[in-house]
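Grab a pen and keep the picture in view while you work. Try each exercise yourself before you read its solution.

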Amino acid sequence: MAFRRFYRRTFLNRRGHHAGAYALADITTEPGFTRDEQAKRVSARLTIADCGRVVTLDLDADTPADARNALHKARLLRDIVDRSVDALERAVEDAGLSGEHKG
């Protein structure tokens with residue numbers, strides 16, 4: 001029997017913008033593929049959609065090596081997103097698009 005560890009779906013755009021942008025994370029622990037009752041596997045998907053474009057990342061783990069690789073991918077993505085947000089904030093500020101009036 002699968003046990004849901006984490007599930008979150010959220011829309012990415014603000015009201016008034018296209019409604020097709022969302023992120024969906026679904027992580028479960030399931031029985032493994034072997035007859036060993038103790039064997040478990042992690043089923044993990046991260047889906048990001050924007051308009052008609054959809055990307056689903058597979059972060060499944062059946063072995064310790066798979067788990068290390070899945071965590072490596074997730075941590076790299078977290079770093080890229082964090083740095084991208086920082087760069088976007090600077091670009092918006094430099095372009096004068098922040099919506100904040102300086103006075």
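Buried means under 20% relative accessible area, exposed means over 50%, and partly exposed is anything in between. At 9% relative accessibility, Arg 41 therefore counts as buried. One thing to keep in mind: this is a predicted model.

**Exercise 1. Describe the overall layout and dimensions of the protein.**

Step 1: Start with the parts. The protein has one helix and four strands. Follow the sequence and you meet them in the pattern β-β-β-β-α.

Step 2: Now the dimensions. The C-alpha trace spans about 70 × 25 × 25 Å along its principal axes.

Step 3: Set that beside a reference. For a compact globule of 103 residues you'd expect a radius of gyration near 13 Å, but this protein has 19 Å.

Step 4: Look at the surface. Just 17% of the 103 residues count as buried. The accessible surface comes to about 8,700 Å², and carbon and sulfur atoms hold 55% of it.

Step 5: Check the contacts. Take those with a separation of 6 or more: 23% of them are between residues 24 or more positions apart.

**Exercise 2. Work out how β3 and β4 are put together.**

Step 1: Find the direction. β3 and β4 run antiparallel, and six bridges join them.

Step 2: Pick a pair to look at. Ile 48 has Val 55 in β4 as its bridge partner.

Step 3: Go to the turn. The two strands form a hairpin with two residues between them, and Cys 51 in that turn has a positive phi of about 60°.

Step 4: Look at the charges by the turn. Arg 53 and Asp 50 form a salt bridge, with 3.6 Å between the closest N and O atoms. Arg 53 is exposed because its relative accessibility is 55%, while Asp 50 at 34% is partly exposed.

Step 5: Keep a general rule handy as you trace a strand. In a regular strand, side chains alternate between the two faces of the sheet.

**Exercise 3. Which residue forms a salt bridge with Asp 62, and what does the pair tie together?**

Step 1: Find the partner. The side chain of Asp 62 meets that of Arg 41 in a salt bridge, N to O at 2.5 Å.

Step 2: Place both ends. Asp 62 sits in the loop between β4 (53–58) and α1 (64–94), and Arg 41 sits in strand β3 (residues 40–50), so the bridge ties together parts that are 21 residues apart in sequence.

Step 3: Compare their surroundings. Asp 62 is partly exposed at 35% relative accessible area, whereas Arg 41 is buried at 9%.

Step 4: See what else Arg 41 touches. Leaving out residues up to four places away in sequence, its contacts include Thr 28, Glu 30, Phe 33 and Asp 60.

**Exercise 4. Trace the salt bridges beyond that pair.**

Step 1: Find another one. Asp 58 and Arg 45 meet through their side chains at 3.5 Å, N to O. Asp 58 is in strand β4 and Arg 45 in strand β3, 13 residues apart.

Step 2: Check exposure. Asp 58 is partly exposed at 40%, and Arg 45 is partly exposed at 34%.

Step 3: Count. The total comes to eight salt bridges.

Step 4: Join those that share partners. Glu 30, Arg 41, Arg 45, Asp 58, Asp 60 and Asp 62 end up in one network.

**Exercise 5. Is Lys 40 buried or exposed, and what about Thr 28: buried or exposed?**

Step 1: Take Lys 40, which lies in strand β3. Its relative accessibility is 53%, so Lys 40 counts as exposed.

Step 2: List its contacts. Apart from neighbours within four places in sequence, Lys 40 is in contact with Thr 29, Glu 30, Pro 31, Gly 32 and Asp 62. For a longer span, take Arg 14: its C-alpha atom is 39 Å from that of Lys 40, with their positions 26 residues apart along the chain.

Step 3: Turn to Thr 28, in strand β2 (residues 22–31). Its relative accessible area is 11%, so Thr 28 is buried.

Step 4: Look around Thr 28. Its side chain makes a polar contact of 3.3 Å with the side chain of Glu 30. Setting aside neighbours within four places, Thr 28 is in contact with Phe 3, Arg 4, Arg 5, Arg 41, Val 42 and Ser 43.

Notes. Residues numbered from 1 in each chain as written. Predicted model: local features only at pLDDT ≥ 70, side-chain atom pairs only at ≥ 80, totals over all residues. Heavy atoms only, no water. Salt bridge = Lys/Arg side-chain N within 4 Å of Asp/Glu carboxyl O. Buried < 20%, exposed > 50% of the residue type's maximum accessible area, 1.4 Å probe, protein only. Pairing = 2+ DSSP bridges. Rg over C-alpha atoms; globule rule 2.2 N^0.38 Å. Contact = heavy atoms within 4.5 Å. Areas by Shrake-Rupley, 256 points an atom, 1.4 Å probe, with all protein chains shown as cover. Polar contact = N/O pair within 3.5 Å; in protein donor to acceptor, adjacent residues only side chain to side chain.
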